[in-house]
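Me: I should like to learn how to read a sheet and a single residue in a structural model. Could you guide me through an example?

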Amino acid sequence: MTFAAWQTGTVSSNDIPATDAPTTAPATGVGVGAPAESPFRDGTTPRDEAPQYVLPLVVHLEKTDPPARTDALRTAARAVLTILCDERSLGEGEWARAMRDWQDARIRKVVRRARGAEWRKAAALPGITVTGESAEVRVFPPVPLDGWPKELAKLQVSGTDLDDPEPPAAPDPAGPVLWLNPELDMSAGKTMAQAGHAAQLAWWELTDAERTAWREAGFPLAVATPGPARWRELTASGLPVVRDAGFTEIAPGSCTVVADHPALRR
C-alpha cells in the first residue's frame, strides 16, 4: 500500500468541502510505508493529476448530549487509524481499491455531523463506528469528490464546535499524545481532521511490530495542548509535525499538531 499527502476537509457554511494540506515532511522523514518521493512539500505533484477522493468522517452530534471536544478529537484520530488497518482496506479487501486510489492522490478528509435519523442512516452505510468516552465517529471508505452517497452528502459540515465540560485529564507521558498548537484557534471539525493527520504520521513512522502492538491495544492516545515553551520544544524534537497549507481558518505553513508516540522518542 502506498501513502500520499494528507489533505483535510474542513467546515464550511455551504456544504462544499474546503480542503487543507500539510506542506512539509517532519524532520525525521515520512516514515515506514511512505513513498520515497515525499508527499509533504509545496507545489504541484503527480498526485494532483490523479482522480481525487475524500475520506468521510461523521461525528454523532445530538443537540441535547454533544460529545466532549477532546474525546471527539481522540475518537476521530482512532477512527482514521482503524480504517487504515482494517482487513477490508488491505490486499484484495472490498475497500482496498478505494483506499489505494485515495492515498495515491492528495488525501482529503471531510468531517460532517449527524443526529437522530441522519445518524441512523449514516450508520447503515458500510463503514466503521469508533466509540470513545462520549463521542461516536463513523469513518467510511473513500469516495470520489463528486460521488458522495446521498445519505452523507446532505449532512452539515458546519456546527461542529464542541466544548469540554471539564478540563481534560493530563495525558499519560508513557502513552501516545497528539499535541495541539496552543496559539491556534481551530474549529472542532478542523481539529478532528488535524488529529487524524497526526495519528497517520505517527503510524507511518512505526515499525510493523510497533503498529501491531498499538492496534491490539485499541489505539490508545491522548490529545492535549501544551504551554508555548513546551510546544516549541516539541516542534524541534524531530517528532512528526502536521503543517497546514492554509486554505481555511489558519495561515499557510502553520504547525497544527505534533504526533508523539513512545516508540518515536528516540
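Reply: The sheet comes first, and one loop residue follows. This is a predicted model, in which local features need pLDDT of at least 70 and side-chain atom pairs count only at pLDDT 80 or more, while totals for chains, interfaces and linings use all residues. Residues are numbered from 1 along each chain as its sequence is written, and side-chain values use heavy atoms, leaving out hydrogens and water.

Me: In which order do the four strands of the open sheet stand?

Reply: Strands of a sheet pair through backbone hydrogen bonds, either parallel or antiparallel. Here the order is β9-β8-β11-β10, with mixed pairing; strands are DSSP runs of E with at least two residues, helices are runs of H or I with at least four, and both are numbered from the N terminus. Two strands pair if DSSP finds at least two bridges between them. β9 (222-224) and β10 (241-243) each have a single partner strand, so one side of each lacks a neighbour in the sheet.

Me: Over how many bridges do β8 and β11 pair?

Reply: β8 (residues 177-180) and β11 (residues 255-260) are antiparallel over four bridges. Within this pair, leucine 178 has alanine 259 of β11 as its bridge partner.

Me: Is aspartate 86 buried or exposed?

Reply: Buried means under 20% relative accessible area, exposed over 50%, and partly exposed in between (1.4 Å probe, protein chains only). Aspartate 86 is buried, at 14%. This residue belongs to the loop between α1 (69-85) and α2 (96-104). Aspartate 86 also touches Trp95 and Ile128, leaving aside residues up to four places away in sequence; contact means heavy atoms within 4.5 Å.
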